[in-house]
Amino acid sequence: MTNFVVKTLANAAALAVAIWLVAGITLDDGSTMGRRTLTLILVALLFGLVNLIVKPLVKLLSLPLFILTLGLFTLVVNALMLLLTSWLADQFDLSFHVDNFWSALIGGLIISIVSWAANLVLPDND
């Protein structure tokens with residue numbers, strides 16, 4: 001349970017940095033800071049579920065592209081997972097939005113780096 005909370009907090013931190021740095025990724029409906037924080041945590045949970053359920057299937061189906069590009073296709077898959085999260089957030093009426101593929105590509109790269117760093121810093125109690 002603790003590991004789940006840690007990973008969700010790492011995802012939330014990574015998403016917050018991407019929202020802050022990438023103009024095409026937004027999380028704002030004019031509400032209070034508390035509401036935005038709750039929305040960010042819900043989006044982090046949604047992003048975690050997408051990465052847990054959909055990402056392994058996409059990686060398996062695109063394995064030849066991973067091999068052909070020496071792993072660089074991971075950036076494209078991360079961007080697609082971020083776009084899927086944006087679409088799902090819209091379905092759940094959450095104020096998270098990714099404008100286009102290029103914003104998602106840069107955001108996915110930022111999220112990967114920040115999540116990796118956050119998981120190094122945060123405790124991992126399995």
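This briefing describes selected helices, loops and residues of one protein chain. The structure is a predicted model, and the values below are computed from its atoms or, where stated, taken from a record. The unreviewed UniProt entry lists residues 40-58, 65-89 and 101-122 under "transmembrane region", and the spans 65-89 and 101-122 are considered here together with helix α5, a surface patch and several single residues.

**Spans listed in the UniProt entry**

- In the model, residues 65-89, one of the spans that the unreviewed entry lists as "transmembrane region", are 84% helix and 0% strand, with end C-alpha atoms 28 Å apart.
- Residues 101-122, another span from that record, are 95% helix and 0% strand, and the C-alpha atoms at the two ends lie 30 Å apart.

**Helix α5 and its surroundings**

- Helix α5 covers residues 101-121, and because a rise of 1.5 Å a residue gives an expected span of 30 Å for its 21 residues, the distance of 30 Å between its end C-alpha atoms agrees with that expectation.
- The buried residues of α5 are Ser-103, Ala-104, Gly-107, Gly-108, Ile-110, Ile-111, Val-114, Ser-115 and Ala-118.
- An α-helix has 3.6 residues a turn, so residues three or four places apart point the same way.
- The elements that cover the buried residues of α5 include the helices α1 (2-21), α2 (33-61) and α4, as well as the strands β1 (25-27) and β2 (96-98).

**A nonpolar patch on the surface**

- Leu-72, Leu-75, Leu-109 and Ile-113 form a nonpolar surface patch, and together they have about 360 Å² of accessible area.
- Leu-72, one of the members of this patch, is found in the loop between α3 (63-68) and α4 (73-91).
- Leu-72 counts as exposed because its relative accessibility is 58%, which is over the 50% cut-off for that class.

**Loop residues with positive phi**

- Most residues other than glycine have a negative phi.
- Leu-70, in the loop between α3 and α4, has a phi near 55 degrees, which is a positive value in a residue other than glycine.
- Leu-70 has a relative accessibility of 78% and therefore counts as exposed.
- Asp-93, which lies in the loop between α4 and β2, also has a positive phi, near 60 degrees, although Asp-93 is not a glycine.
- With a relative accessible area of 66%, Asp-93 is likewise exposed.

**Thr-8 in helix α1**

- Thr-8 has its place in helix α1, and Thr-8 is classed as buried because its relative accessible area of 11% is under the 20% cut-off.
- When residues up to four places away in sequence are not counted, Thr-8 touches Ile-41, Ala-44 and Leu-45.

**Two residues of helix α2**

- Pro-56 is found in helix α2 and counts as partly exposed, with a relative accessibility of 43%.
- Pro-56 and Val-77 are 21 residues apart along the chain, and their C-alpha atoms are separated by 10.0 Å.
- Leu-42 also lies in helix α2, where a relative accessible area of 35% makes Leu-42 partly exposed.
- Leu-42 and Thr-69 are 27 residues apart in sequence, while the distance between them in space is 33 Å from C-alpha to C-alpha.

Technical notes
Residues are numbered from 1 along each chain as its sequence is written. This is a predicted model: local features need pLDDT of at least 70, side-chain atom pairs count only at pLDDT 80 or more; totals for chains, interfaces and linings use all residues. Side-chain values use heavy atoms; hydrogens and water are left out. Patches are made of residues with over 30% relative accessible area and no salt bridge: like charges are joined within 9 Å, nonpolar side chains (Val, Leu, Ile, Met, Phe, Trp, Tyr) within 5 Å. Accessible areas come from the Shrake-Rupley method with a 1.4 Å probe; for residues, only the protein chains shown count as cover. A salt bridge is a side-chain nitrogen of Lys or Arg within 4 Å of a carboxyl oxygen of Asp or Glu. Helices (H or I, at least four residues) and strands (E, at least two) are DSSP runs, numbered from the N terminus. Buried means under 20% relative accessible area, exposed over 50%, partly exposed in between (1.4 Å probe, protein chains only). UniProt positions are given in the numbering used here, feature names are shortened, and annotations may be inferred rather than shown by experiment. The expected span of a helix is 1.5 Å times one less than its number of residues. Contact means heavy atoms within 4.5 Å.
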